[in-house]
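User: I'd like a close look at one part of this model, and then a walk outward from there. Here it is.

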Amino acid sequence: MRRYGKHTDEDDIRARPNRKGNRPRTHIRPKHEDAAEGMVLTVDRGRLTCLVGDRTVMAMKARELGRKAAVVGDRVALVGDLSGKKDTLARIVRIEERASLLRRTADDDDPYERVVVANADQLAIVTALADPEPRPRLIDRCLVAAFDGGLEPLLVMTKSDLAPPDKLLELYGALDIPHVVTSREELENGDAADRVRAHLHGKITAFVGHSGVGKTTLVNALVPKERRRVTGHVNAVTGRGRHTTTSALALPLGAADGWVVDTPGVRSFGLAHIDPSRVIHAFPDLEPGTEGCPRACSHDEPDCALDAWVEEGHADPARLYSLRRLLATRERTEGD
C-alpha cells in the first residue's frame, strides 16, 4: 500500500544512504573528553545510580559500549544531564579500567560469569556460628574468589552468643585472615559495628554471605542512615534464611572514609571461571616453592615440589594444607 499523499514527487521520498540505516555509519567514536567522573552505586533494570561529585545521578549505558556492562563499584565517565534532578537521565560513555573484580558463577558447570562488584579492596565474608550452621566450603569458595580477584579477605563471625568461634578460627588460622567475632547483643549496642568498622577505614568492602547470617543487619549497624530490610526468618528444615537484599548497593561509611557494598545473599558460589594457578599468589610463603613443580601442576599430586619445600622448613605445613583445601573446593559442593 502506498503511504504517500496525492501530490508526491521525488523530493518527498525519504532516501536511505545505506541498507542498514537512514544515515551513514562511522567507526569513529566520540572521545567525550568533557565527561564527568562517577562511581556506580547500584544497578536496577538497566538504570544505574551513580555518584558524581556530591550528587546522585540516574544514568543508562550508552549503546556504543555494546555488551560491556557496568557494575557496582565501577568508575565511569558520564555525559548528559548531571544535575541529579528528578526525571533526568545521564549516559555512561566509558567504563574505566578495574583494579579488582569479584566474580562468581551459579555453579561449577555454569559458563556464565556474574560480576558481583568492581574495584573493591576487601571482601568481608559473613558467617553465623549457629542458626544457620557455618558452611566452611562456601567460605573456602569465597576466599578463592577473593584471592583470584585481587581482594583482601575479612572473616566476620556473627551470633557468638549461640556457639563459640574456636573451631572455625582453628580451621582458618593458618591463612592469617583478619577476623571479627560478634554477638547479637554487641550488634544492638554498637560494639560489634565499631570493631568491624576499624577494618573498613579508607577501603571499599564488599559483604557476602548466605541468607540468615546477619549480613544486612550488620550493614545497617555500620550505616544506620541507609537501613535495608533484614531477614526475620530462618527455615527450620533447610537452615537458610530468606533473601531480602535483591541487588548490590554501595553505601558510604561517612567519617570512616570508606564504602560498604551490601550484596544479595548467596546459596552457592560457583568457581567455573577461576584459574587455580592464580590462587597460589595469595600464599607468598609457598609460591617460591612452585618453581620445581611440573608443568600445569595442580599442587596436589605426587610430583608437586611444595611437599619438599615445606619439609625443608620454608613454610608451615598447615599453610600447604589450607592451599590444597581451597584448590579442592571446585571438586566439592558447598554443603560437603
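Which residues in α5 are buried? And once that's settled, take me through the salt bridges, the surface patches and the cysteines.

Analyst: Keep in mind that this is a predicted model. In α5, the buried residues are K215, T216, L218, V219, N220 and L222. That makes 6 of the 8 residues in the helix, which runs over residues 215-222, so α5 is largely enclosed by the rest of the structure.

K215 deserves a second glance, since its side chain meets that of D262 in a salt bridge, at 2.8 Å from N to O. D262 sits in strand β13 (residues 259-262) while K215 belongs to helix α5, so the pair ties together parts that are 47 residues apart in sequence. Both partners, D262 and K215, are buried. If you're checking charges before a run, the background is simple: side chains of opposite charge can pair when their charged atoms come close.

On to the other salt bridges. With the N-to-O cut-off at 4 Å, the count comes to 17 salt bridges. One of them joins R197 and D194, with the closest N and O atoms 2.9 Å apart. These two are 3 residues apart in helix α4 (residues 191-197), so about one helical turn separates them. The general geometry goes like this: an α-helix has 3.6 residues a turn, so residues three or four places apart point the same way. As for cover, R197 is partly exposed at 21% relative accessible area, and D194 is also partly exposed, at 47%.

Another pair is D54 and R55, whose side chains meet at 3.9 Å, N to O. With 4 Å as the limit, you may want to keep that value in mind. D54 is exposed, with a relative accessible area of 69%, whereas R55 is partly exposed at 31%. There is also a network of salt bridges linking R103, E113, D148 and R278.

Now the surface. D161, E185, E188 and D191 form a negative patch. Within that group, E188 is part of helix α3, which spans residues 184-189, and its 72% relative accessibility makes it exposed. A nonpolar surface patch is built from M58, M60 and L89, which together offer about 220 Å² of accessible area. M58 comes from strand β3 (residues 55-61) and is partly exposed, at 36% relative accessibility.

For contrast, take a look at G38 in strand β1, residues 36-44. G38 is buried, with a relative accessible area of 6%. Its C-alpha is 5.8 Å from that of R75, though the two positions lie 37 residues apart in sequence numbering.

Last, the cysteines. A disulfide is a covalent bond between the sulfur atoms of two cysteines, and the structure holds 0 of them. Take C304: the closest cysteine sulfur to its own belongs to C293, and at 3.9 Å that is too far for a bond. The cut-off here is 2.5 Å. C304 counts as buried, at 5% relative accessibility, and C142 is buried too, at 2%.

So, back to where you started: α5 is largely enclosed, with 6 of its 8 residues buried, and K215 within it pairs with D262 in a salt bridge.

Conventions. Residues are numbered from 1 along each chain as its sequence is written. This is a predicted model: local features need pLDDT of at least 70, side-chain atom pairs count only at pLDDT 80 or more; totals for chains, interfaces and linings use all residues. Side-chain values use heavy atoms; hydrogens and water are left out. Buried means under 20% relative accessible area, exposed over 50%, partly exposed in between (1.4 Å probe, protein chains only). Helices (H or I, at least four residues) and strands (E, at least two) are DSSP runs, numbered from the N terminus. Patches are made of residues with over 30% relative accessible area and no salt bridge: like charges are joined within 9 Å, nonpolar side chains (Val, Leu, Ile, Met, Phe, Trp, Tyr) within 5 Å. Accessible areas come from the Shrake-Rupley method with a 1.4 Å probe; for residues, only the protein chains shown count as cover. Lys and Arg count as positive and Asp and Glu as negative; His and the chain ends are not counted. The place of a charge is taken as NZ of Lys, CZ of Arg, CG of Asp or CD of Glu.
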